[in-house]
Amino acid sequence: FSFSDGAEALACIQQDDSVRVLITSAELPTMSGVELCVQTRAFLDNRRPLYIIMMSSNNDYTKCVQALDNGADDFIRKPPVAEELCARLRTADRVTSMQCELVRLATIDFLTGLSNRRAFFEDAAKLIELAQSGHPVSAIMIDLDHFKQINDVHGHDIGDAVLKRIATEIAPLPGIAGRLGGEEFVLLLEGDLFDAVEIAQGLRYSAESLKIFAGERAINVTCSIGVAEWETGDTIDTLLRRADVALYEAKRTGRNKVAVAD
């Protein structure tokens with residue numbers, strides 16, 4: 001993409017997560033390159049790698065220092081030498097590729113590929129804003145039944161295989177999914193209690209139908225699920241706590257069922 005206006009470039013970066021490099025002139029029609037750097041860094045979160053290269057024909061190196069202090073990663077004289085610009089773009093590719101990998105390691109559960117606990121709560125903030133503005137939001141807590149027994153009888157390799165298979169059933173569901181730890185998963189979605197119960201029942205049926213083998217022996221996998229809908233005055237913690245109470249009610253009353261928070 002190429003733009004003559006900083007505001008247009010900023011809008012493009014906001015709308016397209018695939019943009020990994022921004023090359024900007026220090027002198028722009030509607031805003032300075034430094035201001036573009038500042039505004040770009042202001043809306044980027046810590047999961048969005050973006051390498052910013054500032055270009056200027058000005059020989060004053062205070063311009064370089066100002067650019068670097070305000071969010072630029074690199075500074076180059078204008079007009080750039082083609083070989084030098086290509087080399088700096090290769091550097092940008094290496095840096096952003098490493099940053100992407102670090103983000104993946106920091107936010108994705110290594111076993112299941114779902115969001116880890118930290119990333120889930122960061123992502124949940126977006127849906128909580130919707131809930132606070134009046135949109136229906138619900139939480140689904142999922143826990144595998146007798147998972148310790150699976151590990152004890154068949155070994156942790158089979159237990160890990162079970163967790164991976166359950167995660168593949170959860171991943172395509174609408175909303176924000178995460179593994180909170182052990183055999184406990186969570187799904188936060190935009191929708192009312194009826195929608196959430198329907199999704200939870202579908203997930204329970206899917207888990208019950210899984211074909212997982214330890215050698216020639218098939219393992220029966222079931223899960224207990226608790227569902228709660230956002231209520232006025234809730235926080236993410238109170239919402240999940242009510243879903244968790246419902247989950248343990250499902251376990252207490254026989255397992256392999258969906259229970260709804262009072």
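Reader: How many helices and strands does the secondary structure of the protein come to?

Author: In this predicted model, the secondary structure consists of nine helices and 10 strands.

Reader: How should I read the radius of gyration of the protein?

Author: One sets the value beside that of a compact globule with the same chain length, which for 262 residues would be near 18 Å, whereas the protein has 24 Å. The spans of the C-alpha trace along the principal axes, about 75 × 45 × 25 Å, can be read beside that value.

Reader: What share of the residues is buried, and what share of the contacts joins residues 24 or more positions apart?

Author: Taking burial as under 20% relative accessible area, 44% of the 262 residues in the protein are buried. Among contacts with a separation of 6 or more, 65% are between residues 24 or more positions apart.

Reader: Which residues touch the most other members of the largest nonpolar core?

Author: That core has 31 residues, and within it Ile140, Ile166 and Ile225 touch the most other members. Elements giving two or more residues to this core include the strands β4 (137-144) and β9 (223-229) and the helices α7 (156-170) and α8 (193-209), with α7 giving the most, six residues.

Reader: Which residues does Ile225 touch, leaving aside those up to four places away in sequence?

Author: Among them are Ile140, Met141 and Ile142, then Ala200, Leu203 and Arg204, and further along the chain Ala246, Leu247 and Ala250 as well as Lys257, Val258 and Ala259. Apart from the largest core lies another one, of 23 residues, which includes Val137, Met141, Leu180 and Leu240.

How values were computed. Residues numbered from 1 in each chain as written. Predicted model: local features only at pLDDT ≥ 70, side-chain atom pairs only at ≥ 80, totals over all residues. Heavy atoms only, no water. Helix = DSSP H or I, 4+ residues; strand = E, 2+ residues; numbered from the N terminus. Rg over C-alpha atoms; globule rule 2.2 N^0.38 Å. Buried < 20%, exposed > 50% of the residue type's maximum accessible area, 1.4 Å probe, protein only. Contact = heavy atoms within 4.5 Å. Core = buried A, V, L, I, M, F, W, Y, C linked by side-chain atoms within 4.5 Å.
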